[in-house]
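Please find below my notes on the ligand site, set out as numbered points to be read beside the model.

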Amino acid sequence: MAFATINGITVHYELLGDVDAKNLVVFSNSLGTDFRIWLPVFDELVDDVSVLLYDSRGHGLTGGADKPFGMDDLVDDLIALVDHVGIKRAVFCGLSVGGIICQGLWKKRPDLVRKLVLCDTAPKIGTAEAWSARIEAVKANGLESIADAVMERWFTPDFHQERVEDLAGYRLMMMRQPAEGYNSTCGAIRDTDFSDVLPTITVPTLVVVGDQDGSTPPELVKAAAGRIPGARFEIIEGCGHIPCVEQPEQLAALLQPFVRKA
Ligand SMILES: O=C(O)CC1=CCC(=O)O1
């Protein structure tokens, strides 16, 4: 557990392994989650893969919820954190809005990026109307009022039936995010479209999506992969929007050889 002052806020992060490791993966998490969602994947990785985990602005133990922020802030935080930790180049793996942040990182600091892993993401997610409606709902009635609908998109019906305690835990994780930080992140997603960035990506890129993802459906993510020169696209079976929680073995089995390949 480590903290740093980054761009005027406290950022919570964890470096597991060696900052100079060749196989270093920086994970960026999704809306309504903190970095613990990646731990089931970390458990599957072998010793020569090091990881940097962090809570994005307005989420988890990272500050910044009290002032409005946008995508530029989220991208700048990641860049500043990587510089703070002393990482010269790494594989960046982002889930959903974390994947958008990684696209923004590529746009601003391609020198930092060895490879990209984009999970359940796209250059533009959802419609402006839907994000504005979600923001208004959270302002009026809090995160609990949208929690059931979000869980339907995050996890498959099998997960809902068979992993009742885990479902309750991840629902709590979502509801414990500061509502203002959650809403600023919704606004950042609403106001971002990196469609023109994808064709500029020149590093090896792996794009994955859960076959039952209710937030970024497979067709959307496949279309995103199609805009990235040479990108590999893979579907994770029996999985909703959060493969690192629902199918960590499948995600790790794709991630690990991709990261370790020279
Ligand atoms: O909450 C959702 O609908 C899922 C999601 C969309 C963007 C993100 O990061 O998570």
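1. Which backbone N or O atom lies 2.9 Å from an oxygen atom of the ligand? It is one that belongs to L31, and the pair falls within the 3.5 Å allowed between N or O atoms for a polar contact. The model is predicted, so that local features need pLDDT of at least 70 and side-chain atom pairs count only at pLDDT 80 or more, while totals for chains, interfaces and linings use all residues. Residues are numbered from 1 along each chain as its sequence is written, and side-chain values use heavy atoms, with hydrogens and water left out.

2. Side chains also reach oxygen atoms of the ligand: an N or O atom in the side chain of S96 is 2.9 Å from one, and for the side chain of R153 the corresponding distance is 3.2 Å. Taken alone the ligand exposes 280 Å², of which the protein buries 99% (accessible areas by the Shrake-Rupley method with a 1.4 Å probe).

3. The shell around the ligand (residues with a heavy atom within 4 Å of it) includes W131, R134, W154 and H241. Its residues divide into six nonpolar, four polar and two charged. Two elements, α4 (128-141) and α5 (144-154), give two or more residues to this shell, and α5 gives the most, with three (helices are DSSP runs of H or I, at least four residues, and strands runs of E, at least two).

4. UniProt, in an unreviewed entry, lists residues 36-253 as "domain: AB hydrolase-1"; this span is 48% helix and 13% strand, and its end C-alpha atoms lie 19 Å apart.

Definitions and conventions. Polar contact = N/O pair within 3.5 Å; in protein donor to acceptor, adjacent residues only side chain to side chain. Nonpolar A, V, L, I, M, F, W, Y, C, P; charged D, E, K, R; others polar. UniProt positions renumbered as here; feature names shortened; annotations may be inferred.
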